Amino acid sequence: MTQKQMMTLDDASRYTKISIRTLRRYIAEGRLVAYRAGRTIRLRPDDVDAIFTPTNKWNEGVA
C-alpha cells in the first residue's frame, strides 16, 4: 500500500499563496475538504487544487 502525501494548512498556504485564515474559511464553508487526526488538520493536494476553477470570463468567453 502506498502512502498518500498530505499537506498541512501551512503547506497549502505556501503552495496556493492563500492565507491560512482563508483556507480555514473554505473548510468551514465546505469548499475545501479537510481531514482531522486529533487537533491536526491535513489536506489532500488534489482537494487543494480543486478550489481553483479555470475561467476565461475576462476575455468574454474567448480562450
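The following conversation concerns helix α1 and the residue after it in a predicted model.

Biologist: What should I know about the model before we start?
Modeller: The model is predicted: local features need pLDDT of at least 70 and side-chain atom pairs pLDDT 80 or more, while totals for chains, interfaces and linings use all residues. Residues are numbered from 1 along each chain as its sequence is written, and side-chain values use heavy atoms, with hydrogens and water left out.

Biologist: Which residues of α1 are buried?
Modeller: They are Leu9, Ala12, Ser13 and Thr16; buried means under 20% relative accessible area, with a 1.4 Å probe and protein chains only. These residues line one face of the helix, because they fall within an arc of 100° seen down its axis. The arc is taken from the directions from the helix axis to the C-beta atoms.

Biologist: And what covers them?
Modeller: The cover includes α2, β2 (40–42) and α3 (45–49). Helices are DSSP runs of H or I with at least four residues, strands runs of E with at least two, numbered from the N terminus.

Biologist: What does the side chain of threonine 16 reach?
Modeller: It reaches the backbone oxygen of alanine 12 at 2.8 Å. A polar atom of the threonine 16 side chain also lies 3.2 Å from the backbone nitrogen of isoleucine 18.

Biologist: Turning to lysine 17, where is it found?
Modeller: Lysine 17 is in the loop between α1 (9–16) and α2 (20–29).

Biologist: Is its phi positive or negative?
Modeller: The phi of lysine 17 is positive, near 65°. Most residues other than glycine have a negative phi.

Definitions and conventions
A polar contact is a pair of N or O atoms within 3.5 Å; within protein, one must be able to donate a hydrogen and the other to accept it, and residues adjacent in sequence count only if both atoms are side-chain atoms. Buried means under 20% relative accessible area, exposed over 50%, partly exposed in between (1.4 Å probe, protein chains only). Contact means heavy atoms within 4.5 Å.
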